[in-house]
Amino acid sequence: MKTPVATRPPVMPRGRGSAENPVGRFDSLERTADLEQVAHDGEYLAALERPPTRYMSDASRSIVSENDSPDIAFRYSVNPYRGCEHGCAYCYARPTHEYLGHSGGLDFESVIYVKEHAPALFRERLAKKDWAGEPIAFSGVTDCYQPIEREKRLTRGCLEVARDCGQPVTIVTKNALVTRDLDILAEMAAKNLARVGVSITTLDAGLARSLEPRTSTPTARLRAIRELADAGVPVRVMHAPVIPGLNDEEMPAVLAAAKEAGATAANYVMLRLPWSVRPVFLDWLEQCAPTKRDRVLNRIGSVRGGKLNDPRFGDRHRGEGVHADAIADTFKLFTRKLGLDVKRPPLSRGHFRRPGRPGQKRLFD
């Protein structure tokens with residue numbers, strides 16, 4: 001496997017987090033656009049500036065994934081979509097698209113796989129005899145409330161299954177669309193069956209627009225926290241990722257704004273740049289924050305042992321060194337000051353009732 005190489009397109013796409021399609025680890029060919037024959041075709045070139053999003057049917061036969069990573073808080077997760085139209089330049093999930101034969105760059109945010117049968121597959125998994133109602137995380141890889149969810153409603157369908165079965169769930173999202181499902185989430189939260197984490201990377205609307213081009217504004221996310229909290233749904237603010245030299249100094253303000261909106265807990269994750277994420281993020285720096293480039297790269301190196309990425313379990317989410325320790329100390333200080341460091345009890349598994357398989361009657365509840 002090789003390190004992805006940046007391949008700049010002939011035209012900078014608008015409204016996208018990536019302006020390139022890095023050569024993936026599993027690609028044997030490198031493609032370079034040759035537009036000499038269409039240089040006079042303004043309409044064609046203009047179309048390249050706004051690449052459309054394509055939606056592909058995902059015929060997966062299962063929906064619940066299991067992981068054994070020692071530094072991830074959940075064991076089971078559900079992802080109704082592969083790829084993410086939010087297009088966050090820093091997204092750690094970009095390399096997952098390479099397994100599908102796509103790039104972790106522009107492909108990741110413009111070729112979205114849709115698991116059309118997600119609710120039925122979810123119900124089928126909960127009906128199995130070996131399932132005992134362990135908590136399940138939504139958005140373990142890609143955001144379950146990305147734009148296509150407005151139309152497909154697959155996340156809502158899965159939540160309806162969870163509510164009917166008393167299945168505890170957690171959700172992490174950076175899209176205010178989550179409030180659409182307040183009716184289900186509030187009902188579940190009243191039984192300690194649901195919690196939501198809202199990711200706020202920055203309070204700067206301009207920075208968010210370029211860094212996370214197709215998701216909700218910081219103001220909308222704070223509003224979502226307030227609406228969730230007012231409905232009785234416990235909310236955790238996720239200051240993620242912390243990008244040294246870019247948004248790390250915003251941590252106190254982000255935590256305070258989230259607390260004021262109703263968040264009751266907090267977490268943060270240090271920027272990770274594995275595989276194809278690296279060239280995408282570095283290109284974003286060059287294009288959108290050139291005056292901060294050197295500072296950001298130096299700070300990233302200071303928390304990653306002189307490198308741009310550290311894949312080691314335990315260290316990859318927090319970093320190491322003086323600057324990483326300062327970020328950790330700041331987080332501890334302000335979460336304690338704001339009351340965001342309270343440990344919450346586990347979600348309830350006592351309400352879980354295995355659903356009957358389609359066409360069968362349940363003999364015993």
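Visitor: How many helices and strands are there in the protein chain?

Guide: Twelve helices and ten strands. Keep in mind as we go that this is a predicted model.

Visitor: Okay, and what does the radius of gyration tell me about the protein chain?

Guide: You hold it up against what a compact globule would give. With 365 residues, such a globule would come out near 21 Å, and the protein chain has 21 Å, so the two agree. You can also look at the extent of the C-alpha trace, which spans about 70 × 50 × 35 Å along its principal axes.

Visitor: What share of the residues count as buried?

Guide: Of the 365 residues, 52% do. Here's the general idea behind what comes next: in soluble globular proteins, nonpolar side chains tend to be buried together. In this model, the largest nonpolar core has 64 residues.

Visitor: Which residues touch the most other members of that core?

Guide: F122, I136, F138, L185, I225 and L228. Among helices and strands, look at helix α5, residues 154-165, which gives the most to this core, with six residues. There's also a second, separate core of 21 residues, and F108, L271, L285 and V296 are included in it.

Visitor: Let me zoom in on one residue. What does F138 touch?

Guide: Leaving out residues up to four places away in sequence, F138 touches V78, F122, C144, T155, C158, L159, V169, T170, I171 and V172. And if you want the picture for the protein chain, take contacts between residues at least 6 apart in sequence: 78% of them join residues at least 24 apart.

Visitor: Back to α5. Is that helix mostly covered or mostly uncovered?

Guide: Mostly covered: nine of its twelve residues are buried. Among them are L154, T155, R156 and G157, plus C158 and L159.

Visitor: Why should α5 span 16 Å?

Guide: You count 1.5 Å a residue for its twelve residues, which gives the expected 16 Å. The C-alpha atoms at the ends of α5 are 17 Å apart, so that agrees. Just after the helix, check G166, which takes a positive phi of about 70°.

Visitor: Now strands. How do I read strand β9?

Guide: Start with burial, then look for partners. Seven of the eight residues of β9, residues 235-242, are buried, so this strand is largely enclosed by the rest of the structure. Next, β9 pairs with strand β8, residues 194-199, in the parallel sense over four bridges. One place to look is V198, whose bridge partner in β9 is V237.

Visitor: How many bridges join β9 to strand β10?

Guide: Five, and those two strands run parallel. Find V242 and you'll see M270 of β10 standing opposite. Put helix α9, residues 251-261, together with β9 and β10, and you have a right-handed β-α-β unit.

Visitor: What is the strand order in the open sheet of three strands?

Guide: β1-β5-β4, with mixed pairing. The edge strands are β1 (54-57) and β4 (81-82), as each pairs on one side only. Between β1 and β5, residues 111-114, there are four bridges, and the two run parallel. For example, M56 has Y113 in β5 as its bridge partner.

Visitor: One last residue. Why does D27 count as partly exposed?

Guide: Because its relative accessibility is 23%, and buried means under 20% while exposed means over 50%. You'll find D27 in the segment before α1. Its C-alpha atom is separated by 8.4 Å from that of E98, which is 71 residues apart from D27 along the chain.

Methods. Residues numbered from 1 in each chain as written. Predicted model: local features only at pLDDT ≥ 70, side-chain atom pairs only at ≥ 80, totals over all residues. Heavy atoms only, no water. Core = buried A, V, L, I, M, F, W, Y, C linked by side-chain atoms within 4.5 Å. Buried < 20%, exposed > 50% of the residue type's maximum accessible area, 1.4 Å probe, protein only. Contact = heavy atoms within 4.5 Å. Expected span 1.5 Å × (residues − 1). Pairing = 2+ DSSP bridges. Right-handed = clockwise from strand over helix to strand, strands pointing away. Rg over C-alpha atoms; globule rule 2.2 N^0.38 Å.
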